[in-house]
Amino acid sequence: MTPDLLLEQDGLREEPLFEKIIEDLSVQRYSIVEAFFNPDEVALLRSTLLARYEEDQFRKSAIGDHFNEQIRSAVRGDFIHWIQERETGPAERVFFSRVQSLVTYLNRTCFLGIAEREFHYAVYPKGTFYVRHLDMFRNDDRRKLSVVCYLNEDNWDPGNGGELTLYLPDGDGERALDIYPFPGRMVIFESQVLEHEVKPVKQGERYSITGWLKTR
Ligand code: OGA
Ligand code: MN
């Protein structure tokens, strides 16, 4: 089979999945996809994350400019590494090619106008969390969709904590939806609409790639 035909087959497999994501987003403003990456891809992405972590390429996440360390740690405790798209290896190529297929589909079918993307690896050591927030900066509303892909080991257990909690409007109030960071799982939600938090990690280290699809 020629590479073109293989690609077309991939496209055929992806379309129903992308349709479900669009349907979910329009109805409930978030979508959860199991096995967005297969176990081999998750293992490759995780080992790449860990290699960069060991090379000391991660930094404590920031929250605005003028917070001191104590305040920062009280808001979020993760370590992150922004992925530079010009210096990517095989793992990141797999990652961005899947994400780009989704973006192309979203732009074609929903006219979302996604023109930019930014992604970072994240490590949440035991005891760390990220308090409730919205993924929007005060002077920048270009982030439209938040995307989180979990790269944990297969044995991640709900007892490990580290769940992503989405706060969903519900009648006059809201309801909390807990999403455990199981490997291969991808969560996508409207950045400017859904508040969310990462609950404390009680056991192990929590690995992910998180990023944003943005308009220009
Ligand atoms: C973030 C975030 C969620 C998660 O980095 O802004 O909300 O599940 N991450 O890691
Ligand atoms: Mn967030």
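## A tryptophan on β11

The side chain of W212 makes a polar contact with the side chain of D135, at 3.0 Å. This is a predicted model. W212 lies in strand β11. Because its relative accessibility is 7%, under the 20% cut-off, W212 counts as buried.

Setting aside neighbours within four places in sequence, W212 has a long list of contacts, among them W82, E116, R117, E118, F119 and H120. D135, R143, L145, S146 and S191 are also in contact with W212. V33 is 179 residues away from W212 along the chain, and their C-alpha atoms are separated by 17 Å.

## The shell around ligand 1

Which residues lie around ligand 1? They are Y130, H133, D135, V148, Y150, L164, H196, V198, R206, T210 and W212. So W212 and its polar partner D135 both belong to this shell. Strands β5 (130-133), β6, β10 (195-198) and β11 each supply at least two residues. The largest share, 3 residues, comes from β11.

Three side chains place polar atoms by ligand oxygens. For Y150, an N or O atom of the side chain is 2.6 Å from an oxygen atom of ligand 1. For R206, the distance from a polar side-chain atom to a ligand oxygen is 2.7 Å. For H196, it is 2.9 Å. Taken alone, ligand 1 exposes 290 Å², and the protein buries 98% of that.

## The nonpolar cores

The largest nonpolar core has 33 residues. Those with the most contacts inside it are F95, F119, M186 and L213. Helices α1 (3-28), α2 (39-54) and α4 (90-110) each supply at least two of its residues, as do strands β4 (116-124), β6 (143-150), β9 (186-190) and β11 (206-214). The largest share, 8 residues, comes from α4. Nonpolar side chains in soluble globular proteins tend to be buried together.

F95 is in contact with F37, L45, F119, C149 and I209, leaving aside neighbours within four places in sequence. Apart from the largest core lies another, of 11 residues. Its members include Y150, L166, L168 and F189. Y150 thus appears both in this second core and in the shell around ligand 1.

## Helix α4

How many residues does α4 have? It has 21, and it reaches 30 Å from its first C-alpha to its last. That is close to the 30 Å expected at 1.5 Å a residue. F111 follows the helix, with a positive phi near 50 degrees.

The buried residues of α4 are A91, E92, F95, F96, R98, V99, L102, V103, Y105 and L106. An α-helix has 3.6 residues a turn, so residues three or four places apart point the same way. In α4, F95, V99, L102 and L106 are among the buried positions.

## The loop between β6 and β7

N152 lies in the loop between β6 and β7 (164-170). Is N152 buried or exposed? At 0% relative accessibility, it counts as buried. A polar atom of its side chain is 2.7 Å from the backbone nitrogen of Y207. Not counting neighbours within four places in sequence, N152 is in contact with V42, R46, P181, P183, E205, R206 and Y207. R206 in that list also has a polar side-chain atom 2.7 Å from an oxygen of ligand 1.

W156 has its place in the loop between β6 and β7 as well. It is buried, with a relative accessible area of 7%. A polar atom of the W156 side chain lies 3.3 Å from the backbone oxygen of G161. Beyond four places in sequence, W156 touches G161, P181, F182, V201, Q203, E205 and R206. P181, E205 and R206 are in contact with N152 too. From H81, W156 is 75 residues apart in sequence and 22 Å apart in space, C-alpha to C-alpha.

## R185 before β9

R185 is found in the loop between β8 (173-179) and β9. Its relative accessibility is 14%, so R185 counts as buried. The R185 side chain reaches the backbone oxygen of Y180 at 2.8 Å.

Leaving aside neighbours within four places in sequence, R185 is in contact with I32, V33, E34 and A35, and with V148, C149, Y150, I179 and Y180. Of these, V148 and Y150 are also found around ligand 1.

Notes:
Residues are numbered from 1 along each chain as its sequence is written. Chains are lettered from A and ligands numbered from 1 in the order in which they are written. This is a predicted model: local features need pLDDT of at least 70, side-chain atom pairs count only at pLDDT 80 or more; totals for chains, interfaces and linings use all residues. Side-chain values use heavy atoms; hydrogens and water are left out. A nonpolar core is a set of buried Ala, Val, Leu, Ile, Met, Phe, Trp, Tyr and Cys residues joined through side-chain atoms within 4.5 Å. Buried means under 20% relative accessible area, exposed over 50%, partly exposed in between (1.4 Å probe, protein chains only). Helices (H or I, at least four residues) and strands (E, at least two) are DSSP runs, numbered from the N terminus. Contact means heavy atoms within 4.5 Å. The expected span of a helix is 1.5 Å times one less than its number of residues. A polar contact is a pair of N or O atoms within 3.5 Å; within protein, one must be able to donate a hydrogen and the other to accept it, and residues adjacent in sequence count only if both atoms are side-chain atoms. A residue is near a molecule or strand if one of its heavy atoms lies within 4 Å of it. Accessible areas come from the Shrake-Rupley method with a 1.4 Å probe; for residues, only the protein chains shown count as cover.
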